[in-house]
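Hi there,

Here is the structure I promised to pass on. Have a look at it first, and my notes follow underneath.

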Amino acid sequence: MFYMIFYIHTMLNMLKQYNTSNIDIYNMNSSCSTWNPDLDSVNNLNASVVLWERNDYLIDCAIGCDRARSCRSFFHNPTNETCLASSSYKRGLPTDKAGQQGWNYYTKKQYCDQGYSFNQTLGLCYKLYSISKDCDNAMISCEADGAKLLTIRNEAEYSFIYDVMMKGSAPSICIGLRAIGANREWMSWNSQAASYFKWDIYQPDNYLGKENCVEMFAYGYNDFDCNLAKYFICQRFI
Ligand SMILES: [Ca+2]
């Protein structure tokens, strides 16, 4: 027993030192049972993002992930010293392990830094720019960061971004949607049709026939003239 405690103590100390560089640690035991079911589809890992599963001590698991460029987070279960490396920041365990206890979750910092913030629950890496640009130039600024203009996928993200705007004194932001084609289908920057909207009442109205961009403001979404300048939020995809 003593040796086990000594061993755990040593491992934790090693990881603490390691943690000062590239690894963030979260304990997910408390949050698993309260996971928001609305986010399951967003946060459950699928096989394509699991890089490897093997028996590793925590420190080896951390080092292995840190050295692998494609690894962005990992899960470690100390009860059986199992390491599960992931190419995503998503926190949900793979389906075959979803009910298991004892897993801790760790992320690499380096993919969401340089002024970007990370919302662990939403898996959202974002940065509010409190300068006004039209949406095209806002996207150029985001891309210079290796990011894109923010798109919002669900109500939880909308609520969170609303808080970010309020705290950042941003009256409105340009978001990464645009009206495409005669039917004015709302597409995101990757040419995917958007599925989540939060239109303000009477919007979108395409006022004067030239409102192809979307802003988010205090009352939801409004289509507006793409030439107008707004604050914006960039999102790194992780
Ligand atoms: Ca409008």
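Ser-191 counts as exposed because only 8 C-beta neighbours lie inside 10 Å (exposed means 12 or fewer other C-beta atoms within 10 Å of a residue's own, buried means 20 or more, partly exposed is in between, and C-beta atoms are placed from the backbone). Ser-191 sits in the loop between strand 10 and strand 11, and its phi is positive, about 65 degrees, although it is not a glycine. Helices (H or I, at least four residues) and strands (E, at least two) are DSSP runs, numbered from the N terminus.

Before you go further, please keep in mind that this is a predicted model, in which local features need pLDDT of at least 70, side-chain atom pairs count only at pLDDT 80 or more, and totals for chains, interfaces and linings use all residues. Residues are numbered from 1 along each chain as its sequence is written.

The loop between strand 10 and strand 11 also holds Leu-208. Leu-208 has a positive phi near 60 degrees, again in a residue other than glycine, and it is exposed, with 7 other C-beta atoms within 10 Å. Pro-204 is found in this loop too, and the peptide bond leading to it from Gln-203 is cis, with omega near 0 degrees.

Next, helix 6. This helix covers residues 155-167, 13 residues in all, and spans 18 Å from first C-alpha to last, close to the 18 Å expected (1.5 Å times one less than the number of residues). Its buried residues are Glu-157, Ile-161 and Met-165. Viewed down the axis of helix 6, they fall within an arc of 75 degrees, so they line one face of the helix; the arc is that of the directions from the helix axis to the C-beta atoms. What covers them includes strand 7 (124-133), strand 9 (172-180), strand 11 (213-217) and strand 13 (230-236). On the other side of helix 6, Glu-155, Asp-163, Met-166 and Lys-167 are exposed. Just after helix 6, Ser-169 has a positive phi of about 55 degrees.

How far can you trust it? The mean pLDDT (the predictor's confidence in each residue, from 0 to 100) is 82, and 79% of the residues reach 70 or more. Among the elements, strand 12 (residues 220-224) has the highest mean, 98, and helix 2 (residues 29-32) the lowest, 34. Where pLDDT is low, the predicted coordinates should not be read in detail.

Best wishes

Note on methods: Two residues are in contact if their C-beta atoms, placed from the backbone, lie within 7 Å.
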